[in-house]
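Please look through the structure below from its interior outwards, taking one topic at a time.

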Amino acid sequence: MNNLNETASQHCRFLDNHFFTTLYHVFVEAFSDYVFRFALTEDQFRNHIIVNAVDLDRSVGAFDDERLVGFSLNGFGEWEGKPTVYDAGTGVVPDRRREGISDRMFDMMLPVFRESGIEQFLLEVVTTNTGAIKLYEKIGFEIGREVALLQCDGRAAPSNYAARNVIVKLLDEPNWDRLTSFWDGKPTWQNSVAAVERSRKAKRILGAFIDEICCGYIVFSGKFGRVAQLAVEKAHRRQGIGTTLVNSMHAEMAEGYSMQVINLDKSLKSATDFFCNRGFYERVSQHEMIKSIT
């Protein structure tokens, strides 16, 4: 156990899989007053851990006696070619905020990750969460791109372009070399190809085909209609293919859910214009932030 700046009753330590259920309930409590609704079921929380490559053995809990009052969920992998830890959620229960708990968790884990060869720390933070942004900047995080969560309540608005001779098929074995060649930019951590592959059981991948050639695709979370990736080959854009894929997703959604696009890079103008023209609106915006820990 690594304890820094702690009293006898307050301490930080790494967790393990035995804490899953407790961690889930504390996660729900910590995000109960978040800037937008973030109430996950236990199964959704488990998928959140899988998608983000979270290692509970290297995730941190802050305790007051035996009560878990704060946590930092940490995922591990590569980002831009460097060994990276990704913050998949740092939270403190409402009655224990403004006590320096987040600082203590970072003070504990950063030296451990540095010694183990991790080179950088990646996270996203809501742009209006000035308190968290100041904390992260204080410990050396720098603001990168801005990403948005978009939402559409109801069906997508029709396109001015009519898709012709397009057949939508389920992609059981996606050819990622071809699909990623459609990209204009890079997805965020939780929407990366690695994240999609980790969570294939909870994902649907549909391809749009013309003459048996895939010219567009969409990745989304089953009945919830949450888009992780959507791309169309440049030569086939403005032909209604993207709208066809969004409509195909909508047809598979359960009632009571709104379509969402999770963390779209706001600098990708063609993508943001497409979704806005289909009736999506920005629900929340986040900064991607990164810190070198070498």
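Which residues have the most contacts inside the largest nonpolar core? In this predicted model, that core has 50 residues, and Phe45, Leu73, Phe121 and Tyr136 are those with the most contacts inside it. At least two residues of the core are supplied by each of helix H1 (20-30), helix H2 (42-51), strand S2 (60-64), strand S3 (67-79), strand S4 (82-92), helix H3 (101-115), strand S5 (120-126) and helix H4 (130-138), and the largest share, seven residues, comes from H3.

Leu73 can serve as an example, for, once its neighbours within four places in sequence are left aside, Leu73 is in contact with residues including Leu23, Phe27, Phe45, His48, Tyr86 and Ala88. Apart from this core lies another, of 23 residues, and among them are Ala156, Ile241, Met249 and Phe274.

Two of these residues, Ile241 and Met249, also appear among the buried residues of helix H7, together with Gly242, Thr243, Leu245, Val246 and Ser248. Helix H7, residues 241-252, has twelve residues and reaches 17 Å from its first C-alpha to its last, which is close to the 16 Å expected at 1.5 Å a residue. The buried residues of H7 pack against strands S7 (167-170), S8 (204-210), S9 (213-220), S10 (226-232) and S11 (259-265), and also against helix H8 (269-277).

The cysteines are a last topic. A disulfide is a covalent bond between the sulfur atoms of two cysteines, and a search of the whole structure finds zero of them. Cys214 is in no disulfide, and the nearest cysteine sulfur, that of Cys215, is 6.4 Å away. Cys214 counts as buried because its relative accessibility is 10%, and Cys12 is likewise buried, with a relative accessible area of 1%.

Note on methods: Residues numbered from 1 in each chain as written. Predicted model: local features only at pLDDT ≥ 70, side-chain atom pairs only at ≥ 80, totals over all residues. Heavy atoms only, no water. Core = buried A, V, L, I, M, F, W, Y, C linked by side-chain atoms within 4.5 Å. Buried < 20%, exposed > 50% of the residue type's maximum accessible area, 1.4 Å probe, protein only. Helix = DSSP H or I, 4+ residues; strand = E, 2+ residues; numbered from the N terminus. Contact = heavy atoms within 4.5 Å. Disulfide = S-S within 2.5 Å. Expected span 1.5 Å × (residues − 1).
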